[in-house]
Amino acid sequence: MNSPHSFSRRTFLKGSLAAVISAGIGSSLVLNKTPFRPVAAETVEQVFQSACPRNCYDSCSILSTVKGGVLKYVEGNPANTYTHGRLCAKGFSYTRSVYSPDRIKYPMRQVGRGSGKWERISWDEAFDIIAKQILSIKEEYGSTLPICLNKYSGNFNLLNYCVEGMMSSIGHTSRATGTPCWPAGIDAQTFDFGTIWNNDPEDLVNSKYLIIWGANPAWCSVHSMYLIEQAQRQGCKLVVIDPTLTQTASKADWYIQIKASTDGALALGMASYILEHDLVDRNWLQQNAKGYEEYFQYLRENITVEWAAKETGIEASVIEALAQEYATTKPANIWIGYGMQRHVNGGQNVRCIDTLAAMTGNIGVSGGGAQYAQLQTWGIQYHAMKMKLPAGTATEKDRIININNFGREVLDAQDPPIKMLWIACRNPMTQDPEAAVVKKVFESMDLVVTADLFMTPTVAMSDIVLPVTTAFETAGLNVSYWHYWLSLNEQAIAPMYEAKSDLEIAMGLSAHLNALSPGSCTYPTSGTVDEWLAAEFSPDFLAQFGLTHWEELKKGPRKAVKGLIGWQNGKFKTPSGKYEFASEAAQTEGHELLPIWNEPMDVPESYPLRLISPHWKLSINSQFQNLDWMANICHEPTVEIHPNTAEQYHVAEGDMVRLYNDEGEVRLKTHLTHTVAPDTLVVYEMWLKDTPFNINTTLHAIPSDMGKKATGSPGLAFHDNFVAMVKA
Ligand SMILES: Nc1nc2c(c(=O)[nH]1)N[C@H]1C(S)=C(S)[C@@H](COP(=O)(O)OP(=O)(O)OC[C@H]3O[C@@H](n4cnc5c(=O)[nH]c(N)nc54)[C@H](O)[C@@H]3O)O[C@H]1N2
Ligand SMILES: Nc1nc2c(c(=O)[nH]1)N[C@H]1C(S)=C(S)[C@@H](COP(=O)(O)OP(=O)(O)OC[C@H]3O[C@@H](n4cnc5c(=O)[nH]c(N)nc54)[C@H](O)[C@@H]3O)O[C@H]1N2
Ligand SMILES: [Mo]
């Protein structure tokens with residue numbers, strides 16, 4: 001997931017069109033209501049290849065059944081052996097999101113930002129207002145830098161990089177850069193290995209020992225659970241390390257509750273045990289690693305299991321048993337989650353965990369690894385994104401705005417200031433830290449344009465909303481940052497109402513800009529969907545999936561034919577070509593040379609409770625939970641609290657409480673459960689329609705230690721958030 005997850009996916013290569021898209025200069029696009037394939041008679045069912053474009057490990061291949069032009073049902077595509085014919089609850093709800101009465105149906109203008117007074121306008125009018133504003137900014141400031149794009153994870157269809165392309169095609173702009181998902185861990189693995197490269201998750205079945213360390217696949221990567229359970233049936237021991245007893249932990253053979261942000265100490269304690277008991281794979285190290293003697297010296301001089309026990313809150317005997325079992329059961333696998341790196345020392349903690357896999361020779365082998373994510377399958381051409389600047393562009397480059405401190409950095413931007421926002425695939429009002437600051441940003445703009453499907457809190461703070469298509473109403477291409485499948489997404493139904501894809505929007509805006517000011521935008525104003533798709537394939541990319549022509553994907557998804565076991569070739573992408581225990585690259589970036597212990601954040605005296613806000617089973621970030629189908633299952637958020645803590649604060653099950661700190665506050669009901677640690681509260685991040693709930697009103701924009709090198713901005717320490725609690 002610069003992407004993936006934003007910059008990295010974009011730059012490394014981490015994140016319909018209707019059959020014919022026509023655009024007349026100066027006119028709006030002719031909306032093509034003809035589906036990708038002609039609609040057959042009302043009674044005939046047609047099945048289309050679809051792909052879930054959400055920012056999720058699983059990126060499922062879907063089969064969509066359409067009758068009479070209506071999407072009747074969706075199911076997992078069995079041709080994808082990872083999706084395996086299954087979907088998650090969110091996936092099965094797609095028929096509801098497509099036909100939801102809450103869809104934004106037409107372009108609209110809001111009279112008074114935040115007033116709720118929306119009036120319908122035509123696409124022509126919308127494009128006209130936007131194009132004129134862009135040209136007037138250019139006139140006033142001599143550049144397009146006052147225009148800021150914030151796009152991230154609403155839709156990872158690879159053609160959606162057209163939004164970045166559209167921005168480049170008008171000149172240099174300000175860009176929300178980086179990713180909230182995984183940046184600290186990416187940098188950590190970049191220092192250690194050279195990049196991120198997990199084994200094919202279908203290889204999980206070959207593990208004999210699996211530690212899931214700060215990930216919750218039972219909710220966030222549901223298709224991996226099937227593989228994990230298969231491994232368990234074949235004798236694999238499953239260990240889960242998490243401050244919370246998650247649903248994944250409930251499936252484990254061994255759940256270890258850890259104090260948040262102390263994972264590095266646990267890994268170091270285990271490493272010191274492995275070293276002391278001579279369980280090190282010296283042979284592997286000699287051939288593949290650099291700097292391990294320095295690391296071992298650090299362990300010998302500084303680390304004991306007893307010390308690790310004190311830091312982590314885990315008994316010494318447990319650490320010893322875990323280290324012993326991990327180092328002696330082969331192959332052993334560690335899945336390093338994104339939740340555990342959302343801390344001020346998160347990247348360094350990942351580096352500490354990586355060393356365990358290296359010390360025991362569990363790298364480059366089936367069933368082994370230090371699995372985090374992969375970008376191996378992201379090698380498209382980025383044709384929709386790479387656009388020429390218009391002639392006469394005076395600026396030298398885009399301006400970087402840290403996506404993880406969007407509010408503050410936009411307000412602080414000067415020379416020139418930021419005056420216009422383009423928001424696509426994003427809901428910063430609920431997903432970003434410092435929600436009050438983000439609101440100020442929206443209030444201070446001359447024009448805010450948001451392209452979305454639903455009336456989110458972000459749309460509510462915009463001047464213009466542009467209705468976009470769902471994946472079923474457009475075409476695309478999807479890969480995963482976890483598994484190795486490539487799926488084509490065929491257009492299955494005509495666009496609903498007046499919705500357009502982001503690509504159609506880019507082309508339409510370009511037509512309008514050029515009509516008003518010839519040469520002001522280089523984005524193409526025409527092209528068939530097949531042409532746009534074909535342009536993303538290089539011979540290498542085709543070969544990676546054993547394809548001779550991209551259209552073979554119309555028959556079904558394809559899996560990469562090589563690169564399925566990370567680092568099997570032993571050629572690490574670090575400066576030395578080895579696995580680097582000692583990383584000068586890390587040092588150059590201002591980090592430690594070695595994966596030594598870095599302290600967690602101090603608990604502020606006035607705000608003694610740690611508030612962890614992980615991802616929710618019925619949503620993908622701010623999507624899905626707004627649907628009535630999901631609201632029927634969960635209609636209000638709760639704060640999970642340990643019964644002992646509840647007693648201490650004199651609160652009972654279902655009481656309303658106020659959680660607050662110097663950033664803001666949130667009010668919600670309690671749910672008492674032994675699954676959370678006594679010093680910790682858990683509130684899942686989500687957007688529920690028609691409620692003021694927003695957990696990020698309490699969240700400071702505290703950076704995690706790493707992320708800048710690979711993704712352009714540091715990560716965000718989402719889970720180093722501390723609050724006080726009172727009965728409301
Ligand atoms: N259902 C669903 N699936 C999703 C998403 C979603 O919102 N919902 N989001 C998608 C996206 S964008 C992402 S980035 C991924 C996220 O995928 P995950 O990383 O699996 O999800 P999180 O819930 O963020 O965090 C996982 C776990 O980290 C734990 N954790 C927090 N701090 C620590 C710590 O200090 N140490 C340890 N050991 N554990 C810790 C949390 O308690 C949580 O159980 O999932 C993707 N899939
Ligand atoms: N407290 C807390 N906050 C978090 C996190 C956390 O763990 N805790 N996790 C963070 C993480 S890892 C992530 S990835 C972010 C995610 O936050 P965002 O990047 O904002 O992603 P989403 O909420 O998935 O979707 C944003 C919007 O995209 C819209 N959308 C969907 N498809 C399309 C499309 O085709 N075109 C356009 N233009 N729009 C579309 C959706 O309707 C939705 O309103 O949240 C972060 N926020
Ligand atoms: Mo994410």
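Which polar backbone atom lies 2.7 Å from an oxygen atom of ligand 1? The atom belongs to Ser261. The legends below take this contact and others in turn. The model is predicted.

**Figure 1. Ligand 1 occupies the largest pocket.**
The shell around ligand 1 holds 34 residues. Asp242, Ser261, Asp263, Arg342 and Ser619 are the closest of them. Helix H7 (217-220) contributes at least two residues to this shell, and so does strand E11 (237-242). Three backbone contacts to ligand oxygen are shown here. A polar backbone atom of Ser261 sits 2.7 Å from an oxygen atom of ligand 1. For Asn621, a polar backbone atom is 2.9 Å from an oxygen atom of the ligand. For Gly339, the distance from a polar backbone atom to a ligand oxygen is 3.1 Å. On its own, ligand 1 has 910 Å² of accessible area, and the protein covers 99% of it.

**Figure 2. Ligand 2 sits in the largest cavity.**
Around ligand 2 there are 31 residues. Asn427, Asp452, Asp502, Ser622 and Asn696 come nearest. The contacts in this view are made by side chains. An N or O atom in the side chain of Asp452 is 2.6 Å from an oxygen atom of ligand 2. Asp502 places a polar side-chain atom 2.7 Å from a nitrogen atom of the ligand. Ser613 also brings a polar side-chain atom to a ligand nitrogen, at 2.8 Å. Ligand 2 taken alone exposes 920 Å², of which the protein buries 98%.

**Figure 3. A salt bridge joins Arg113 and Asp463.**
Side chains of opposite charge can pair when their charged atoms come close. Here the N to O distance is 3.0 Å. Arg113 lies in the loop between strand E6 (108-110) and strand E7 (118-120), and Asp463 lies in the loop between strand E18 (447-452) and strand E19 (464-467), so the bridge ties together parts that are 350 residues apart in sequence. Are the two partners buried or partly exposed? Arg113 is partly exposed, with a relative accessible area of 23%. Asp463 counts as buried, at 12% relative accessibility. The count for the model comes to 27 salt bridges.

**Figure 4. Glu443 and Lys439 pair within helix H18.**
Their side chains meet in a salt bridge, with N to O at 3.6 Å. Helix H18 spans residues 435-443. The two residues are 4 apart, about one turn of the helix. Glu443 is partly exposed, at 47% relative accessibility. Lys439 is partly exposed as well, at 37%.

**Figure 5. Lys669 forms a salt bridge with Glu636.**
The closest N and O atoms are 2.9 Å apart. This pair links distant parts of the chain, 33 residues apart. Lys669 belongs to strand E27 (residues 665-672). Glu636 is in the loop between helix H23 (628-631) and strand E25 (638-641). Lys669 is partly exposed, with a relative accessible area of 30%. Glu636 is partly exposed too, at 33%. Elsewhere, Asp102, Lys689 and Asp690 are joined into one network by salt bridges that share partners.

**Figure 6. His483 is a buried loop residue.**
The loop runs between strand E20 (476-478) and strand E21 (485-489). His483 has a relative accessible area of 0%, so this residue is classed as buried. How far apart in space are His483 and Ala373? Their C-alpha atoms are 8.6 Å apart. In sequence, 110 residues separate the two.

**Figure 7. Arg103 is a second buried loop residue.**
Arg103 is found between helix H3 (94-99) and E6. At 2% relative accessibility, Arg103 counts as buried. Which residue lies 8.9 Å from Arg103, C-alpha to C-alpha? The partner is Met496, 393 residues away in sequence.

Definitions and conventions
Residues numbered from 1 in each chain as written. Chains lettered and ligands numbered in written order. Predicted model: local features only at pLDDT ≥ 70, side-chain atom pairs only at ≥ 80, totals over all residues. Heavy atoms only, no water. Salt bridge = Lys/Arg side-chain N within 4 Å of Asp/Glu carboxyl O. Buried < 20%, exposed > 50% of the residue type's maximum accessible area, 1.4 Å probe, protein only. Near = heavy atom within 4 Å. Polar contact = N/O pair within 3.5 Å; in protein donor to acceptor, adjacent residues only side chain to side chain. Areas by Shrake-Rupley, 256 points an atom, 1.4 Å probe, with all protein chains shown as cover. 1 Å grid on protein atoms, 1.4 Å probe; cavity = no way out; pocket = protein on both sides within 12 Å on 5 of 7 lines; lining within 4 Å. Sits in = over half its atoms within 2 Å of the grid points.
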